[in-house]
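This briefing walks through one protein model, taking its sheets and helices topic by topic. Please keep the sequence and the structure in view while reading, and locate each element as it comes up.

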Amino acid sequence: MQSGPILNISCYLFVSLADTAALRDRLEARALALDLKGTVLIAEEGINLFLAGPPVAVNAWVADLRADARFATLAPKESWSEVQPFQRLKVKVKPEIIRMNRPTVRPDQAPRAPALAPATLVRWLDQGHDDAGRELVLLDTRNGFEVDEGAFDGAIDWRLNKFSDFPEALAAHSDELAGKTVVSYCTGGIRCEKAAMVLQEQGLTAWQLDGGILKYFEDTGGKHYHGGCFVFDDRRGVNTDLSPTQ
């Protein structure tokens, strides 16, 4: 439900890109012309973006991006705010759109790890196990300070300082996950695209929460979740109804 004049979108897509510098210049110029603010990260593995502005302007920018066949499947998650939550516009080319420091983990070049719909996760949590009767564990892949804002009830939290710490933490704790169905989750889903692949490399039964916490809030209202969800802008966080926490 819309509340406020500013449309906030978040979205990512893993897709191989060979023209990152030219793409950066084009997307920045269009965002500046539309007076949008936020962050757009571009890498050879894809795009990750957080933008905000009047809905007409935001939707025009997204439409232009989708006109490029490589980005036709973009599906931004939306929320609303009374004021612009970003101070400026940043469009950057990076080595990775989400840094893990594992060059072999390339979601744009490999089959996607299994994704679990929010409604299915609610059902599994309600019944206390997956559909095969296996024990279910939720694994938070976010940094510790993000987890402190809110998390799924009973989720595993390794108190990561940064996402690139995840593979080492997994190596230390993988035995604790053996024989269980692991559902990894993060804010919008991007970290789990890589985390779930690494979980599978360890021989674990792993799923990623499709769309992350933000999509879960949108689809389910936040059942089995306590607190809000940290976001990297002036809102600080969003409640389960996607309204700003402050």
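In strand 10, Val183 is the residue that stands opposite Leu138. The model is a predicted one, and this pair of residues is a good place to begin reading it. The points below start from the sheet that holds strand 10, then take up the helices packed on it, and then turn to a second sheet.

**The parallel sheet**

- Strand 7 and strand 10 are joined by five bridges and pair in the parallel sense, while strand 10 also pairs in the parallel sense with strand 11, over four bridges.
- One of the bridges to strand 11 links Thr181 with its partner Thr205.
- Strands pair through backbone hydrogen bonds, and they may do so in a parallel or an antiparallel manner.
- Taken as a whole, this is an open sheet of five strands with parallel pairing, and the strands follow the order 6-11-10-7-9.
- The edges of the sheet are strand 6 (115–116) and strand 9 (156–157), and because each has a single partner strand, one side of each is left without a neighbour in the sheet.
- Strand 6 runs parallel to strand 11 (residues 205–209) and is joined to it by two bridges, with Leu116 standing opposite Leu209.

**The buried strand 10**

- Is strand 10 enclosed or open to the surroundings? Five of its five residues are buried, so strand 10 is largely enclosed by the rest of the structure.
- In a regular strand, side chains alternate between the two faces of the sheet.
- In strand 10, Thr181, Val183 and Tyr185 point one way, whereas Val182 and Ser184 point the other way, and all of them are buried.
- Ser184, which has its place in strand 10, has a relative accessible area of 0%, and it counts as buried because the cut-off is under 20%.
- Which residues does Ser184 contact, leaving aside its neighbours within four places in sequence? They are Leu139, Thr141, Cys192, Ala196, Leu199, Trp207, Gln208 and Leu209.

**Helix 3 and helix 7**

- Helix 3 (residues 118–127) packs on the parallel sheet, where it touches strand 6, strand 7 (136–140), strand 10 (181–185) and strand 11, and its direction makes about 130° with that of strand 7.
- Two packed helices are described by the angle between their axes and by the distance between those axes.
- For helix 3 and helix 7 (residues 212–220), the angle is about 80° and the axes are 9 Å apart, and the two helices are therefore roughly perpendicular to each other.
- Pro118, Ala119, Leu121, Val122 and Leu125 on the side of helix 3 meet Lys215, Tyr216, Asp219 and Thr220 on the side of helix 7, and by class these residues divide into six nonpolar, one polar and two charged.

**The mixed sheet**

- Another open sheet is formed by five strands in the order 4-1-3-2-5, and here the pairing is mixed.
- Its edge strands are strand 4 and strand 5 (89–93), each of which pairs on one side only, and the twist averages 10° from one strand to the next.
- Strand 1 (residues 6–14) pairs with strand 4 in the antiparallel sense over five bridges, and within this pairing Asn8 has Ser79 as its bridge partner.
- Strand 4 (residues 77–81) is mostly covered, since four of its five residues are buried.
- Strand 2 (residues 37–43) and strand 3 (residues 46–53) are also antiparallel, with seven bridges between them, and Leu41 has Asn48 in strand 3 as its bridge partner.

**Helix 1 and helix 2**

- Helix 1 lies across strand 2, strand 3 and strand 5, and runs at about 170° to strand 5.
- Helix 2 lies across strand 1, strand 2, strand 3 and strand 4, and runs at about 160° to strand 3.
- The axes of helix 1 (residues 20–33) and helix 2 (residues 55–66) come within 10 Å and cross at roughly 155°, which means that helix 1 is roughly antiparallel to helix 2.
- The crossing of helix 1 and helix 2 is right-handed.
- Leu27, Arg30 and Ala31 in helix 1 meet Ala60, Trp61, Asp64 and Leu65 in helix 2, and the contact comprises five nonpolar, no polar and two charged residues.

Key. Residues are numbered from 1 along each chain as its sequence is written. This is a predicted model: local features need pLDDT of at least 70, side-chain atom pairs count only at pLDDT 80 or more; totals for chains, interfaces and linings use all residues. Side-chain values use heavy atoms; hydrogens and water are left out. Axes are lines fitted to C-alpha atoms, for helices over the stretch in contact, and angles run from 0 to 180 degrees between N-to-C directions. Angles under 35 degrees count as roughly parallel, over 145 as roughly antiparallel, 65 to 115 as roughly perpendicular and the rest as oblique. A crossing is left-handed if the near helix is turned anticlockwise from the far one by less than a right angle, and right-handed if clockwise. Contact means heavy atoms within 4.5 Å. Ala, Val, Leu, Ile, Met, Phe, Trp, Tyr, Cys and Pro count as nonpolar, Asp, Glu, Lys and Arg as charged, and the others, Gly among them, as polar. Two strands pair if DSSP finds at least two bridges between them. Buried means under 20% relative accessible area, exposed over 50%, partly exposed in between (1.4 Å probe, protein chains only).
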